[in-house]
Amino acid sequence: MAQQPQMANAIRALAMDAVQQANSGHPGAPMGMADIAVALWGEHLQHNPKNPHWANRDRFVLSNGHGSMLIYALLHLTGYDLPMQELKNFRKLHSKTAGHPEVGVTPGVETTTGPLGQGITNAVGMALAEKLLANEFNRPGHAIVDHHTYVFLGDGCLMEGISHEACSLAGAWKLNKLVALYDDNGISIDGQVAPWFADNTPARFKAYGWQVIGPVDGHDAAAVSQAIASAKLSADKPTLIVCKTHIGKGSPNRANTAKAHGEPLGAEEIALTRAALGWPHAPFEIPKEVYAAWDAKKAGQQREAAWNTLFAAYKKAHPALAAEFLRRMKGDLPKNFAQSVVDAVIDAHTQAQTVASRKASQLALEAFTAALPEMLGGSADLTGSNLTNTKSTPNLRVDLAGQVVRNAEGQSGRHINYGVREFGMAAIMNGVALHGGYIPYGGTFLTFSDYSRNAIRMAALMKQRVVHVFTHDSIGLGEDGPTHQSIEHAASLRLIPNLDVWRPCDTAETTVAWAVALQNAQRPTALLLSRQNLPYAPKPTSAVVPDASGLDAISKGAYVLAEPIEVGLKKKPQAVIIATGSEVQLALKAQALLAERKIAVRVVSMPSTTTFDRQSVAYKQAVLPSNVPRIAVEMGSTDGWWKYGVAAVVGIDTYGESAPAPVLFEHFGFTAHNVADTVKAVLGRA
């Protein structure tokens, strides 16, 4: 295309002008990758600017998200609803052009990137979702799921360890429709990367089972386009295209230097760059012929129209599958799911089993994975401990030809062996959720949530329905000791905005926690589950049967589990014990001990502080009366409990020890007698 150099220069100009106007940003990567963008977006990307949510669009991920002006320029130039004024408002409050790309804010942005390495990992999740959906829904002559996932990434993404976790899995899963274009410019914030980044990147990716193309000249759009065309022919391998580029391409004095990376070029250097590029136009001015060369609206509408015709034929031939595909991609749950929840909760309440809450989770999963074919589970090499597998979710396996294997019953795998890759698992699940069609969940020990934390935070920021199954939730783990015993983790997770955290005490609460998590379309959930067996906590039927609001008491995050009358005292509560998880049994035993002293206590189970915090003031006051002293009990950090106006907390603010769980409970004061004594001490002070 004769216009290709000017198409690339339009990106360079918009990047340096927007960063200069904001007096903040990263112009170097967009300027260096402009020709790569021309090759991909100009000749290969299957998308429709008029409908950014078209189901069969290619997914594009800017993993090096600091170069956000690259994607903003592309979205503007190709015809998305991102007017020039938004580019002028780059990095300003409430603009659609934030410092790093944000999904749900900017039309056409597929994932929020910036924390390096997570974009490529999200892309692995997207490509996995595409592969599994194609296997599940495509039929001969009806390839309704058929698209690629493209990633731009730089040295920073490759230095982050998460890229190793994710790219290794991408090779194992033979994600042939995943194409990563590596901006190999040799520069990062600290300068030339060679002294500290000496990896043989092509050899590394070949060892993962990837196809590697290049190095190619990243400023030769035709060469890059040819490489992409070759990548698209792969039948059994993801592809890395190594593109040699110059950061800040076009800048006479800052190209190939760290100065081009993360600061404005300056007015004088921008003027010199305009002259060097032969770009005589004023800031934010794009010639009509360049707009015309970039415009993808008509081609995009034609692509989607062709797919709509294909889907109409599919719908006629396979109406039930078509309806199911549309439901899944919308993220809607089946109409009968609410009844499935009621049935599962009532069943748990009726059976009243004594099991570990990790086992209670598996019991709930047996019901829900059977009802929801979109549930896609997994574990970071701890399946036998996390209990994330069910009869409905055989292990995912891919054969040597890259095809998803079906078992003897014709089922495809819905349970993923992630290996010891907690961070990778968490960010891959984010990518699966972002793609649509599946509700991902994955398990590890709670103490290893530290490895996953930034991906959990990103799920919350992006409002994605992802469920983290965290087992071995306390010193109840026992002999494995403080390295594996969670102390600060529950409190820490509760600090993440828009993350629901549940620590259920029995089978009914665990089932409700799962049900709420699956219905939370706009937030992720962390389930904190015990290793040790927990007795069923007898509860009023109102706790498990929906009221007029459609909610049962458990699903409100906290509820009155036992009044003084339950232990024979016809008195108003003199104190309230608030407990979570395995400590609810201690609260109930302490209530009985105190009743022997004629001290009346209400026991409140609070499986989810985050959910309870969203309830009405009236409900909160009904559960926690303002004129009654409160005592919290939880095997973890005490800091988060003081906001509930408690007078005391039976908790643990030190690390644990290696010993059998019963010994540790006694040592750290997690006994019914200590809880009762704490209540008496509070009442004595009162």
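In this predicted model, the second largest cavity is lined by Leu446, Asp473, Ser486, Ile487, His489, Ala490, Arg503, Glu634, Met635 and Gly636. The space held within this second largest cavity amounts to about 40 Å³, and its lining, when sorted by residue class, comprises 4 nonpolar, 3 polar and 3 charged residues.

The largest cavity encloses about 80 Å³ of space, and the residues that line this largest cavity are Trp41, Leu45, His47, Pro52, Arg57, Asp58, Phe60, Ile71, Tyr80, Gly108 and Glu110. Sorted by class, the lining of the largest cavity consists of 6 nonpolar, 2 polar and 3 charged residues. Counting cavities of 30 Å³ or more gives 4 in the model.

Ile71, which belongs to the lining of the largest cavity, is also one of the buried residues of helix 3. This helix spans residues 68-78, and because 11 of its 11 residues are buried, helix 3 is largely enclosed by the rest of the structure. The buried residues concerned are Ser68, Met69, Leu70, Ile71, Tyr72, Ala73, Leu74, Leu75, His76, Leu77 and Thr78, where buried denotes a relative accessible area under 20%. Just after helix 3, glycine 79 adopts a positive phi of about 115 degrees, while Tyr80 appears, like Ile71, among the residues lining the largest cavity.

Notes. Residues are numbered from 1 along each chain as its sequence is written. This is a predicted model: local features need pLDDT of at least 70, side-chain atom pairs count only at pLDDT 80 or more; totals for chains, interfaces and linings use all residues. Side-chain values use heavy atoms; hydrogens and water are left out. On a 1 Å grid over the protein atoms alone, a cavity is a set of points where a 1.4 Å probe fits but cannot get out, and a pocket is an open set with protein on both sides within 12 Å along at least five of seven lines; lining residues have an atom within 4 Å of a point. Grid points are joined across faces, edges and corners, and a volume is the space filled by probe spheres set on the points. Ala, Val, Leu, Ile, Met, Phe, Trp, Tyr, Cys and Pro count as nonpolar, Asp, Glu, Lys and Arg as charged, and the others, Gly among them, as polar. Buried means under 20% relative accessible area, exposed over 50%, partly exposed in between (1.4 Å probe, protein chains only). Helices (H or I, at least four residues) and strands (E, at least two) are DSSP runs, numbered from the N terminus.
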